[in-house]
Amino acid sequence: DDAPVPRDDAKPRARVCSRPMSNPSQTRSTLCALGAIALWALLATLGVALSHVPPFLLTGLALLVGSVPAWPRWRDWRVPAPTLLLGVYGLFGFHFLLFIALRHAPPVEANLVNYLWPLLIVVMAPLFLPGLRLRAVHVGAALAGFAGAALAIVGGRELSGAWSWGYLPALGSAFIWASYSLLTKRVAAFPTAAIGLFGLVSGVLSLACHVALEPAASLSARDWALVAAMGLGPLGAAFFLWDVALKRGDPRRIGVLSYLTPLASTVLLVLATGRGFSGWIAAAAALIVGAAVVGVRAEG
């Protein structure tokens, strides 16, 4: 029998095939998170254009508009009461405390405190989601991202050294959004279309706050168009994308990516107002993009 003896090359091939491949679910999660971040980046520019509209009125109308695309899926709104309360806690509670903070604290500093929420998502993930562990690379990337966010938000301006009790609701709003984002993975699975119900109820509550806390206001046709844009984008589609991202992805990775929001928001504001780019924005971009790359590559 002169048949050639086959080479034993199965093991090398097995090693090649065993290399970790990209996870389609993780990829989709990252894309959805980036989509939400891109839409949230528009919020500051739209907010400047609508700065004359009382904030609770603006948020209430935008949340109602943002819920409209989910109305045809109203049957998916049949969620347990705890799930509905979680959704209202996240969407309404976050905006309520943030507006209280902006009323009683310097806005730049309050916004900076509020942007602790991505860091809180990273740090609290193992506490809320058993099976996840916190590694130094995650904490380091989150801290670098926060440093970049601070540069993007502050932009070289002097911060007020005085204490303001308004920082407490700003911190509370950060905690609410971080905990809401993590707890959506703990409650019984619910359709993403149910985010429309969360937005609808939160919008009604925001309008109730407008009636109780703010003066009446009238809107022009241009105002209504901008409100519709805000509702369909940053306060609508962004929440649906965020829900998909969190359900399919690693919250530690998503938390680090979230620091792209203040950077992109600042860049859009600079473009919209015609101001020049400064070294602060370049430094912020280097820190945030570097943190995002490290956070996306981190495993375990």
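Me: Why does the distance between the end C-alpha atoms of helix α2 (residues 24-40) agree with its expected span?
Reply: In this predicted model, a helix is a DSSP run of H or I with at least four residues, numbered from the N terminus, and its expected span is 1.5 Å times one less than its number of residues. Because α2 has 17 residues at 1.5 Å a residue, the expected span and the distance between its end C-alpha atoms agree at 24 Å.

Me: Which residues of α2 are buried?
Reply: Buried means under 20% relative accessible area, exposed over 50% and partly exposed in between, with a 1.4 Å probe and protein chains only. By that rule, the buried residues of α2 are Q26, S29, T30, C32, A33, A36, I37 and W40.

Me: What arc around the axis do these buried residues cover?
Reply: The arc is taken from the directions that lead from the helix axis to the C-beta atoms. Because the arc is so limited, the buried residues lie on the same side of α2, and they cover only 165°.

Me: Which exposed residues does the face of α2 turned away from its buried side carry?
Reply: On that face, turned away from the buried side, the exposed residues are P24 and L31.

Me: Which helix has the lowest mean pLDDT among the elements of the protein?
Reply: The pLDDT is the predictor's confidence in each residue, from 0 to 100, and helix α10 (residues 195-213) has the highest mean, 97. The lowest mean, 41, belongs to helix α1 (residues 10-17).

Residues are numbered from 1 along each chain as its sequence is written. Local features need pLDDT of at least 70 and side-chain atom pairs count only at pLDDT 80 or more, while totals for chains, interfaces and linings use all residues, and side-chain values use heavy atoms, leaving out hydrogens and water.

Terms used. Helix = DSSP H or I, 4+ residues; strand = E, 2+ residues; numbered from the N terminus.
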